[in-house]
Amino acid sequence: YCYELIKKRKLLLFLGILLLTSLIHKSVLIFIPFYFLCNVKNTKWVFPTIFMLFPLIMVFKNNLTFFILGLGGYEDYKEFDGAGTLNFTIIFLMICIFTLYRKKELLKQDANNIHYYNAMACALLLLPLSWINPALLRITMYFSIYMILLIPKAIYSLKTISFKGRREIVGWAVVVLFILFIRTNYTKEY
């Protein structure tokens, strides 16, 4: 619902809803900067830049995490032994690569698709938090939910690729997901 308020530029109603929902969990306040990011006219380099900086962000994830937690008043979240979302991170990065590959076509189809790219950039920036404490994946989810809207558009944009090519892409995606599933079950401790 708040995304519709962002598109209609209704800041006060947007802030009101977020403040109200912050009574349930104050982590929702991290969504406030997204209002301003979506309404900036030229953000086409935000997602590619954060994607290229992702390895560096992962290296400094502790500093980033405790900075963000300090801003939000979540000093109680400590480093969690065994934290890390390898499968989610791999899948998310694969989706980032695929959607970046289709970016030109997607922006040609609908200029508002840049909002989804900005949301993915925010999710990618916040993803390293889950490597400190798994509970912090919640913060990433405020933004990664937009990939549900971006993925079908990216797949639909493949209409210039033959049916066989699209089938191969789906086949490889299934193979990678299966390998990640097996890896998760194989490394699970009982």
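These legends go with an overview and two close-up views of a predicted model.

**View 1. The whole chain, a run of helices.** Let's start with the full fold of this predicted model. Counting through the chain gives eleven helices and zero strands. Reading from the N terminus, the order of elements is therefore simple to follow, α-α-α-α-α-α-α-α-α-α-α, with helices defined as DSSP runs. The chain has 190 residues, and 37% of them count as buried. Its accessible surface comes to about 11,600 Å², and carbon and sulfur atoms account for 70% of that area. Take the contacts between residues at least 6 apart in sequence: 75% of these join residues at least 24 apart.

**View 2. A nonpolar patch on the surface, with Leu56 as one of its members.** Here you can find Leu53, Leu56, Val59 and Phe60, which together make a nonpolar surface patch of about 390 Å². Leu56 belongs to helix α4, spanning residues 46–59. Is Leu56 buried or exposed? Neither label fits, because its relative accessibility is 47% and Leu56 therefore counts as partly exposed; the exposed class begins over 50%.

**View 3. Lys104 and Lys44, apart in sequence.** Now turn to helix α7, which covers residues 103–109 and holds Lys104. Lys104 has a relative accessible area of 67%, so this residue is exposed. To place Lys44 in the same view, follow the C-alpha atoms: Lys104 and Lys44 lie 9.9 Å apart in space, with their positions 60 residues apart in sequence.

Note on methods:
Residues are numbered from 1 along each chain as its sequence is written. This is a predicted model: local features need pLDDT of at least 70, side-chain atom pairs count only at pLDDT 80 or more; totals for chains, interfaces and linings use all residues. Side-chain values use heavy atoms; hydrogens and water are left out. Patches are made of residues with over 30% relative accessible area and no salt bridge: like charges are joined within 9 Å, nonpolar side chains (Val, Leu, Ile, Met, Phe, Trp, Tyr) within 5 Å. Accessible areas come from the Shrake-Rupley method with a 1.4 Å probe; for residues, only the protein chains shown count as cover. A salt bridge is a side-chain nitrogen of Lys or Arg within 4 Å of a carboxyl oxygen of Asp or Glu. Helices (H or I, at least four residues) and strands (E, at least two) are DSSP runs, numbered from the N terminus. Buried means under 20% relative accessible area, exposed over 50%, partly exposed in between (1.4 Å probe, protein chains only). Contact means heavy atoms within 4.5 Å.
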